[in-house]
Amino acid sequence: MRQVHIGRRLARPLARTSLLVRYGVISGLLVLCLALALGYVLASTVYDRALAQSEQTAANIAQLAVGPLLQRDDFDQGAVAPERRERLTGAMETLVAHRTVVRVKIFDRTGTVLFADDPDLIGQRFPEDPHLQAALGGQRSSDLDEPDSAENASEASLGGRLLEVYVPIRKSTAAGADRDVVGAFEIYLPYEPVASSAEADARRLVLWLAGGLVVLWAVLFQLVAAASRRLREYAREQAERAQHDALTGLPNRVLLADRANQALLVSRRSGTSTALLIADLDRLKEVNDTLGHHFGDLLISAVGARLRGELREADTVARLGGDKFAVLLPEVIGVDAALEVADRLVAAMRTPFDIDDVSLETGATLGLASYPEHGRDVVRLLQCADVAMYAAKSDRRAVRVYDRSMDAFTPDRLALFGELRRAIENDELSVHYQPQVDINSGQVTGVEGLVRWQHTVHGLLPPDDFIPLAEHTGLIRPLTWSVLRMAARACQRWRAAGLDLTVAVNLSVRSLLDEDLVAQLDHLLADAGLPASALELEITETTVMADPERSLAVLADLRGLGVRLSIDDYGTGQASLAYLNRLPVDTLKIDRSFVIAMLGSSNDAAIVRSTIELSRSLGLGVVAEGVETEQTWQRLRELGCDAAQGNWLAGPAPADSVPDLVRRLERRLGGAPARA
Ligand code: C2E
Ligand code: MG
Ligand code: MG
């Protein structure tokens, strides 16, 4: 158990150390082992060679300096003849005086000393000595002396370690044929000079070897360190790229989520708030379309830098793509503090951007969501901030803080929003037209354009499924213009074919308050070659009441243009009669809910009747929507209603089938054809 703990304790720091350090240590150890092994081999080779050289020296002395002074007889008789002994002693003394040898012994075949420089040794026997035996067998051998051995007892006094070399002595027989081994020399050489020269050689070699290996290790380490540094830099660059937006260099969605998670952890511990803002840049499309994408890119970069400049070091500005940025404010005091930052950012975005000497004006719409009030995780907070941003766009406000009432902007709705935007841009919406019939003449006087969306998954969607979304998100403006263009073109085609029809288009509040509405309508009618009187705009009481004064002015301008105006869904809103009286409208359209129910409900019947009377007294035309039966049609005629629209007459139909539909309907009602 304890061992396992210690093992783990050692393994942990090792696992933490960098690969490079591990490489350095392991390769260093390997090089050290190699150095030791090579050093050992080299040193022993040097020593062996030094010994071999000494052996050879000894053999040379034996054969050249001592051997010739002996004769075979000396061995056969077991004693060196006196005259030769004298010469031997002389030669010995010379060698010893030069310190070439320290001692010489000459043995006969029985291992008896025949001659030695120390006369006391003559006659002693060492038949057991293995080296002597080897020499007598014809083999040269050597040994470092062992002073404690019997044979070397007399050499102990000579001082220092000695190298003994045994050399066989060969002499010819009397006949002179064979050179038999007749005895052996034992020559003692001083070992210290041999050892110190070998030691010096070995030391030099080992030092060179060690130096070489250290240099080799250092060069390899340098190379590996450089490669590892380059790899680390590359890995860091890759990681940076995966977490940053290429255009602005700001964090991308991945890094934002990471930092937001960290911030939420801190907030959870410290009890502070974390705020998330989503900013949508205004007018980027215009810049791209008019000045090119290069300018658009420069603008986005400049916006990123400016946002960054307005914030604390600890805050994060991220680009989510396109013209969308996100701002993470960790550890804020609360929603109000975050809102102050949001206001500051909005103000900063309003200052024009100088790009390549062009002053670009833009702005941003911000949505704000905060932990813990609106969401407890990053995904939810991003969603809420997104929803708040679209709500702000819808209300034409610069900043909005998320609240539950905005939940119409659920993720499903937001997905639908993206699709609707694409559908509008790609002209995938269509308009169906429903006839309005003059009750007295049975003549079709006009049609109402009703938008449809052929959705790839959900099929043909009615306007109630997407108009509210378009109204909340600002998409209603491009949608209305698209419907207006289609309706004007269709109406112009019918008129060219001889059908004198007006076309009515529904206008929501956002479109009515559109600053360029009147001017653009003028263009649109001119482009379509349609007189203004052929266009009718339907607005509801609620639309008008959103901004009564503005509405009044716009309606007056529209009237001035010659466009016809009607109040749609009359009876469902809260407009006061006095106010209605001031509106420059031509027609009231009674809401279909009253008309559908008028035969069965006296209340609804009363509303229909009073609306008809009111129109009369105000001098307005009156149209009943939702005529589903012939009885309703008859009753409306009796009540003096001017016109009717409803499924009993005809449901909404595509533009191309309108001429046929009109002719069939008029034939059915026996009315005069709607011809110019
Ligand atoms: P709305 O302007 O009051 O249009 C009349 C609606 O009543 C149409 O519904 C029409 O199909 C329906 N209708 C007609 N006759 C009958 C009938 O006999 N019985 C019944 N039950 N319904 C009948 P639709 O096409 O679904 O349009 C609904 C609403 O969507 C429209 O009400 C209008 O407020 C809005 N809308 C339609 N197109 C547009 C548009 O282009 N722009 C805007 N802003 N709103 C539009
Ligand atoms: Mg309408
Ligand atoms: Mg209506």
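**View 1. Strand S14 gives the most to the shell around ligand 1, with 4 residues.** The model shown here is predicted. S14 covers residues 444-455. Two further elements, strand S18 (564-570) and helix H20 (592-597), join S14 in supplying at least two residues each to this shell. In total, 23 residues surround ligand 1. The closest are Glu448, Asn506, Asp568, Glu628 and Asn647. Sorted by class, the shell holds 9 charged, 8 nonpolar and 6 polar residues.

**View 2. Polar atoms of Val451, Asp569 and Glu625 face atoms of ligand 1.** Start with the backbone. A polar backbone atom of Val451 lies 3.1 Å from a nitrogen atom of ligand 1. Side chains come next. In Asp569, a side-chain N or O atom is 3.0 Å from an oxygen atom of the ligand. In Glu625, a polar side-chain atom is 3.2 Å from an oxygen atom of ligand 1. On its own, ligand 1 has 790 Å² of accessible area, and the protein covers 86% of that. Ligand 1 takes up the space of the second largest pocket.

**View 3. Asp74 and Arg84 make a polar contact through their side chains.** The two side chains are 2.4 Å apart at this contact. Asp74 belongs to helix H3, which runs over residues 72-76. Is Asp74 buried or exposed? Its relative accessibility is 1%, so Asp74 counts as buried.

**View 4. The peptide bond between Tyr371 and Pro372 is cis.** Its omega angle is about 5°. Pro372 sits in a loop. That loop links strand S11 (364-371) to helix H11 (378-394).

**View 5. Glu331 has a positive phi without being a glycine.** The angle is about 50°. Glu331 is part of strand S8, residues 324-332. How accessible is Glu331? The relative accessibility is 42%, so this residue counts as partly exposed.

**View 6. Asp357 is another non-glycine residue with a positive phi.** Here phi is near 65°. Asp357 lies in the loop that separates strand S9 (353-355) from strand S10 (358-360). Asp357 counts as exposed because its relative accessibility is 82%, and exposed residues are those over 50%.

**View 7. Leu499 and Val658 are distant in sequence, with their positions 159 residues apart.** In space, their C-alpha atoms are 9.6 Å apart. Leu499 is located in the loop between helix H14 (476-496) and strand S16 (502-506). A relative accessibility of 4% puts Leu499 under the 20% limit, so the residue counts as buried.

**View 8. Ala644 pairs in this view with Gln436, 208 residues away in sequence.** What is the C-alpha to C-alpha distance between Ala644 and Gln436 in space? It is 5.6 Å. Strand S21 (residues 643-645) holds Ala644. Ala644 has 0% relative accessibility and therefore counts as buried.

**View 9. Ala347 and Ala364 are 17 residues apart along the chain.** A distance of 9.1 Å separates their C-alpha atoms. Ala347 lies in helix H10, which spans residues 335-350. With a relative accessible area of 42%, Ala347 is partly exposed. Ala364 falls within the range of strand S11 (364-371).

Note on methods: Residues are numbered from 1 along each chain as its sequence is written. Chains are lettered from A and ligands numbered from 1 in the order in which they are written. This is a predicted model: local features need pLDDT of at least 70, side-chain atom pairs count only at pLDDT 80 or more; totals for chains, interfaces and linings use all residues. Side-chain values use heavy atoms; hydrogens and water are left out. A residue is near a molecule or strand if one of its heavy atoms lies within 4 Å of it. A polar contact is a pair of N or O atoms within 3.5 Å; within protein, one must be able to donate a hydrogen and the other to accept it, and residues adjacent in sequence count only if both atoms are side-chain atoms. Accessible areas come from the Shrake-Rupley method with a 1.4 Å probe; for residues, only the protein chains shown count as cover. On a 1 Å grid over the protein atoms alone, a cavity is a set of points where a 1.4 Å probe fits but cannot get out, and a pocket is an open set with protein on both sides within 12 Å along at least five of seven lines; lining residues have an atom within 4 Å of a point. A molecule sits in a cavity or pocket if more than half of its atoms lie within 2 Å of its grid points. Ala, Val, Leu, Ile, Met, Phe, Trp, Tyr, Cys and Pro count as nonpolar, Asp, Glu, Lys and Arg as charged, and the others, Gly among them, as polar. Buried means under 20% relative accessible area, exposed over 50%, partly exposed in between (1.4 Å probe, protein chains only).
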